[in-house]
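Open the model in your viewer and keep the selection tool at hand. We will go stop by stop.

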Amino acid sequence: MISEIQNQPPFPDGTSAATSPPPEAAAEQPYSIFDKRQKALIVLIVSVAATFSGFASNVYFPALPAIAKDLNVSIELVNLTVTSYLIFQGIAPSLWGPISDVKGRRITYCCTFVVFLGACIGLGEAKSYAAVLVLRCLQSTGSASTIAIGSGVIGDITTREERGGFMGIFQAGLLVPVAVGPIIGGALADCLGWRAIFWFLAIYSGVFVVSLILLMPETLRSVVGNGSRSPSNDLIAQYPLVVYQRTTRIKWDVASEPAARKRIDLVGPFRILVSKQAAPVIVFLAVYYAVWQMSITAMSTLLEDRYGLGETEVGLSFIANGVGSMVGTLVMGKVLDNDYRRIKARYDNADGDGDSDGTNFPLEKARLRLVPIFALLQCASITLFGWTIQYPQKVHMAVPIVSTFITGWTAIATQSVIMTYLVDVFHDRSAAASASLNLARCLFAAAGTSAVMPMVNALGVGLAFTVCVVAQLVALLGLAVQWRFGARWRRELKRRK
């Protein structure tokens, strides 16, 4: 286990402090000194940071056929660059997430972006398939962790009551590339060649790193407490935190003591992944995410082969998927907050002590009750996609494209819910929890994307995606297990701490 802080009074969200302030100071001290506009700016920064993972992935899809032709390799080999990207997208946050939970969010962000920028420059100059394959792995290592670190930042500055809405905004920022990335990638590949995609990403990341250094404060609670503490011996954590402290509208008088420093536990995400408190719901989401990625990976090749679309047109066809994804996460953010407040109010009235962080609070009901609806809708949309795109002479291409709107909407709504739920359960290891989810979904997606075209070639599009839907229906058992036993397992975890 990651070293825990024993016998410490909790913060309002359940995290522990190293030293308990006097009762009168504790009563006045807010959970976070960042006011609403400051939180909005921080969430905007981490949302933009998270776009790099999506851009590096989605901007690439329309260029797959062009890369295959230019490098004189098969489309199956080019699809392996997608698979390798997803593998490292899963593994990398398991390294960077625990580091950010111990050393700080700012320094970890800076390290990841240096790696990403270098990989983009290399890809812009790549002349061989081997170079593209290796540099895509490096690029993924630099970009993928922005999601885990961003989830950790939101866990640092928000309580459960407001976390769903902020997580929805974060996920929306994460999904902007799903909507516009393929358009940009298709246009760049069509007009300037596929290497221009990576020069675009290099320029974008360089500009963002400067903004990150100037605007992003350190938020890790073991370093800065609730934001009111500026470590005198840590220049990286001091700036621009001191500016936020001077301009906040939240009243605070006594600097909070930070939580005790933890050691870096690189196996922490793996431990969360296999824990009974998380494994059932993580496996459920990983299967649904993998099927979604399989559909959009196959989409560019299928539309080009069956409907004769060019690269720019293929890029435009991804708009429906991206818009659906953004709608799903924005709507779910509000729904999560409203559900939580409503169930919390009922719990307070029934329990009498108002302890929403208590062991008996029905967190699974507050977070997971709508997930089965989204899951079944996604199954229906994947079935529609597979069987309509199989018959291009009989079905207009608008039908499978519209089905991707439903798939994107339901897939991301589900992902937003599960990620928020895991941050609630593992609030003291939020980046590690997000990394564990990311690891599972990306490894499942890597296996799926490498198998999707062989499946399509062997079974046909409709039957191949029907097999995927059967796997999704079986994965619903994981959600049922979490709903039935999740509360008991959370109580056991809290007793062990």
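Select Arg-37 first; this is a predicted model, and Arg-37 is partly exposed in it, with a relative accessible area of 39%. Now add Asp-35. The two form a salt bridge, with the closest N and O atoms 3.4 Å apart. Is Asp-35 buried or exposed? Asp-35 counts as buried, because its relative accessibility is 4% and the cut-off for buried is under 20%.

Next, select Asp-70 and Arg-195. Here too a salt bridge forms, and the closest N and O atoms are 3.4 Å apart. This pair links distant parts of the chain: Asp-70 sits in helix H3 (residues 64–71), Arg-195 in helix H9, and 125 residues separate them. Asp-70 is partly exposed, at a relative accessible area of 43%. Arg-195 also counts as partly exposed, at 22% relative accessibility.

Move on to Lys-127 and Glu-125. Their side chains meet in a salt bridge, 3.8 Å from N to O. Lys-127 is exposed, with a relative accessible area of 60%. Glu-125 is partly exposed, at 47%; it falls short of the exposed class because that class needs over 50%.

For a network, select Asp-101, Arg-105 and Asp-156. Salt bridges link these three residues. How many salt bridges does the model count? The count comes to 9.

Now leave the charges and turn to a nonpolar surface. Select Leu-41, Leu-44, Val-210, Leu-214, Leu-215, Tyr-239 and Val-243. Together they make a nonpolar surface patch of about 580 Å². Colour helix H2 (36–58) and helix H9 (195–215): each supplies at least two residues of the patch. Which helix gives the most? H9 does, with 3 residues. Zoom in on Leu-41, which is found in helix H2. Leu-41 counts as partly exposed, at 31% relative accessibility.

While the helices are coloured, keep one rule in mind. An α-helix has 3.6 residues a turn, so residues three or four places apart point the same way.

Last stop: helix H20, residues 430–459. Measure between its end C-alpha atoms; they are 41 Å apart. At 1.5 Å a residue, the 30 residues of H20 should span 44 Å, so the two values agree. Then centre on Ala-451. H20 bends there by about 35 degrees, and a proline, Pro-454, follows within four residues. Finish on Gly-460, which follows H20 and has a positive phi, near 95 degrees.

Notes. Residues numbered from 1 in each chain as written. Predicted model: local features only at pLDDT ≥ 70, side-chain atom pairs only at ≥ 80, totals over all residues. Heavy atoms only, no water. Patch = residues over 30% accessible without salt bridge, like charges linked within 9 Å, V, L, I, M, F, W, Y side chains within 5 Å. Areas by Shrake-Rupley, 256 points an atom, 1.4 Å probe, with all protein chains shown as cover. Salt bridge = Lys/Arg side-chain N within 4 Å of Asp/Glu carboxyl O. Buried < 20%, exposed > 50% of the residue type's maximum accessible area, 1.4 Å probe, protein only. Expected span 1.5 Å × (residues − 1). Bend = angle between axes of the 7 residues up to and from the residue.
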